[in-house]
Amino acid sequence: MLVLLLPILFLEIPRYTLGAVALCLGHMLYQLFNYCFRSPSPCVFDYCPTITVVVAGLNEAKTLPHTLESLWGTYPRMNIVVVDDGSTDEMTSIAQSFADAHEGVIVLSRAERGGKSSALNYALPFADDEIVVCVDSDSHLAPNALWEIVQPFRDPRVGAVSGTVLARNAFCNLVTWLQAFEYLRCIFLGRMFASKIDILGITSGAFGAFRREALDRVGGWDVGPGEDGDLTLRIRKSGYRVLFAPYAQCFTNVPTHFWRLLKQRRRWEWAVITFECRKHVDMGSPLSPNFRFANLLLLIERWTFNVLLTFLFWAYLVWLAFHWHANVPLQLFTYYVIYVALDFLTLGVILYYSLDPKRDLIIGLIAPLMPFYQFVLRAVSLWAITEEIFVRSSFRDTFVPEHVRNATWHW
Amino acid sequence: MLYDSALNLFCDAPSVDVGPCGSAPYENPKAAERRVAARYLFTKPMAVIPILPDHSPDSAFRGDAISSDISASGMGFEIDALRSFPGRRMLIGVEGDDGLLYYATVEVRNQCECEGRLRVGVRFVPHNNDLLRWENLFPTLQPCSYQFATGLPESTLRRWVEIGVLEPFLADRPLLCPRCHALPTYHQGCKQCGSARLDNQRLIHHFPCAYVGYTEEFDRTGEMICPKCRVRNLVVGADYEYLQGPHRCADCGWSGTDLETVGYCLACHWRFTLRQAWQAEFIGYHVNRLDPLAIIGPT
């Protein structure tokens, strides 16, 4: 039983909390050191490369104007490429009318849907700038988000930078509220920590930036689903670093219906098997070119948390069901209390870094329900991982058009 | 429309003194001029404005008259006040039934005093000598300079406006060369240098690896090979599709989708963008024209 329980107790539950607390304490000490021994330096955006923002979408006529308005005029050396991936609504005409009124906006329209990867790749021949930034067409950016996301590229070793994705519709219903806290915990805080120890393996599709040279080297996006994670891993494999810009914030609409959420998470979990366990498993081999220990660590982290612990968790529950005794409810309640307490500790760290503490505090009040939410997601994870391991369900998903998924390789 | 109504109006006019239009020609034994065309009795109040050598109106000699007869090539009228006209060319305005004056340029063929009045025979001038011809009243392209100008100087036309013969109207607002105001041609050109020498490149989307690149990248050895995943013998439709690519300028190498509307001046060969073009205001002049054939009617 201990074999099953210990990893869950000491790895899974405090996964984000320990890292977040360590990060926070380290940052505090750093600030204290700066305060005592260094003169304070103002935070300025002194790196300003040329960027192309690619907004690819399908049937996003309603949300696209808001996205474009949030982008326009926020960065001086910027071009925008809008790619309509075969929409049946007014997306192209809306984008075109925006382009007519604003300089530096290109609209590309495809008659037939080709998938998100090819839509993003379609923008590349039209972009000559140093940095390519991807923004989902149902998202909008916070002020200075573009400035924040390009600053890490000052280091020529950096190939990709992930922005923070937060829930725009956080208070729409309980499902979105739970996701909003999850995004704060896993993306805002989790990626901050992962970036610090150089094991960040994902650049959000909703808001991520890539060095053009790195994109050319790896040939752009591959067929999805999970194309954003796949591209990040390939960029890491080609020798670049991947960083996180916590204050480059993007607000996106999260699924409002439970079944849509499950479908989305199922897709995300498939990507772990497809990419980390199959396609890019060579990243962990010391014999592969551009091998880095951080890449191996990244794979170990994914295998452990996303695959191994998922199975262990359910194995533990099965074991518990077969060894039921009077203290089990108390034991489970203790786990629940510990989990919630750690979530509140995580919330404290989030508030320490937050740009909008009041909003994030309200979002964090959902923490007592998070264990139940996580329980459901664990079930989805088990289902998705198992089906992907045995039947490769990802290549039957409608996220990619049929003619593309029939032609592509089934990893 | 006004002009059309005026024509209809004059079709009915001859019924005043003689038979309706198209009746047998009337032989006026007192006619001073020697017109070969059949003439018709035609009595209407009219204004007579002599034209000075610089084509401006001679307002001092302006007088009111009564027409006596009309033919396809000329007309006769009688005027009280004048002994003789200072020049040969003049503008006559014949009052229509609507009270408006309808003008024509005429040339005095003969004039004589008769019973204390001056009887004048005039001929309608040919088109190339007509003061009221279209080229004189509307800015037209000058073939040598590629610029637009009216046949008569602006100051002269304004004098005709002052006496109520011409009526100015905004005819057009064309976009002309900002440097010399001459006629340009417009084309969709390179956003950077304005050149019209653009190639529209095609892209290929390879389905299996989602790569999108120029056709040249795929077809380097005469065989279709994906530059990203190295798959050979690609078949269009099954493995890849064509997409529209950006335009590329053959002169400066610029690449993009958004073309600029570029103007090219035919006179000074200046290249400019549409936003730089000079917006001119073409003022044309409207006149109520007298049409003798409409008055006479079918013969």
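In the predicted model, B:Arg202 stands opposite B:Gln244, a residue of strand β15 of chain B. These two residues belong to a longer pairing, in which strand β13 (residues 198-206) of chain B and strand β15 (residues 240-249) of chain B run antiparallel and are joined by eight bridges. Strand β13 of chain B also pairs with β14 of chain B, again in the antiparallel sense, and here the pairing extends over four bridges. Within this second pairing, B:Ile204 is placed opposite B:Gly213 of β14(B). The two strands β13(B) and β14(B) form a hairpin in which four residues lie between them, and B:Ala210, a residue of the turn, has a positive phi of about 65°.

These pairings are part of an open sheet of four strands in chain B, whose order is β14-β13-β15-β16 and whose pairing is antiparallel. At the edges of this sheet are β14 (211-214) and β16 (255-256) of chain B, each of which pairs on one side only. The sheet is also met by an element of the other chain, since helix α5 (residues 116-123) of chain A packs on the sheet and touches β13, β14 and β15 of chain B. The direction of this helix, α5 of chain A, makes about 30° with that of β14(B).

The association of the two chains can be described further through their contacts and their buried area. In terms of contacts, 21 residues of chain B touch 24 residues of chain A. The size of an interface is often given as the accessible area lost when the parts come together. For chain B and chain A, the area buried between them is about 1700 Å², and 60% of it lies on carbon and sulfur atoms. On the side of chain B, the residues B:Phe207, B:Pro208 and B:Lys228 supply 27% of the area that this chain buries against chain A, which is more than any other three residues.

Chain B also contains an open sheet of three strands, with the order β12-β17-β18 and with antiparallel pairing. In this sheet β12 (184-189) and β18 (271-273) of chain B stand at the edges, and each has a single partner strand, so one side of each is left without a neighbour in the sheet. From one strand to the next, the twist averages 30°. The pairing of β12(B) with strand β17 (residues 260-265) of chain B is antiparallel and extends over six bridges, and within it B:Tyr186 stands opposite B:Gly263 of β17(B).

In chain A, several pairs of helices pack against each other. Helix α3 (residues 64-71) of chain A and helix α4 (residues 91-101) of chain A have axes that come within 10 Å and cross at roughly 25°. The helices α3(A) and α4(A) are therefore roughly parallel to each other, and their crossing is right-handed. The contact is made by A:Leu64, A:Pro65, A:Leu68 and A:Glu69 on the side of α3(A), and by A:Met91, A:Ile94, A:Ala95 and A:Phe98 on the side of α4(A). By class, the residues of this contact between α3(A) and α4(A) divide into seven nonpolar, no polar and one charged.

Helix α7 (residues 174-196) of chain A packs with helix α13 (residues 357-364) of chain A at an angle of about 120°, and the axes of the two are 9 Å apart. This angle makes α7(A) oblique to α13(A), and α7(A) passes α13(A) in a left-handed crossing. The residues in contact are A:Trp177, A:Ala180, A:Phe181 and A:Leu184 from α7(A), together with A:Asp360, A:Ile362, A:Ile363 and A:Gly364 from α13(A). This contact of α7(A) with α13(A) has six nonpolar, one polar and one charged residues.

In a further pair, the axes of helix α10 (residues 258-279) of chain A and helix α11 (residues 293-322) of chain A come within 11 Å and cross at roughly 145°, and the crossing of α10(A) and α11(A) is left-handed. From α10(A) the contact involves A:Glu269, A:Val272, A:Ile273, A:Glu276 and A:Cys277, and from α11(A) it involves A:Leu299, A:Arg302, A:Trp303, A:Asn306 and A:Val307. When grouped by class, the contact of α10(A) with α11(A) has six nonpolar, one polar and three charged residues.

Note on methods: Residues are numbered from 1 along each chain as its sequence is written. Chains are lettered from A and ligands numbered from 1 in the order in which they are written. This is a predicted model: local features need pLDDT of at least 70, side-chain atom pairs count only at pLDDT 80 or more; totals for chains, interfaces and linings use all residues. Side-chain values use heavy atoms; hydrogens and water are left out. Axes are lines fitted to C-alpha atoms, for helices over the stretch in contact, and angles run from 0 to 180 degrees between N-to-C directions. Angles under 35 degrees count as roughly parallel, over 145 as roughly antiparallel, 65 to 115 as roughly perpendicular and the rest as oblique. A crossing is left-handed if the near helix is turned anticlockwise from the far one by less than a right angle, and right-handed if clockwise. Contact means heavy atoms within 4.5 Å. Ala, Val, Leu, Ile, Met, Phe, Trp, Tyr, Cys and Pro count as nonpolar, Asp, Glu, Lys and Arg as charged, and the others, Gly among them, as polar. Two strands pair if DSSP finds at least two bridges between them. Buried area is the accessible area (1.4 Å probe) that two parts lose on being put together, summed over both.
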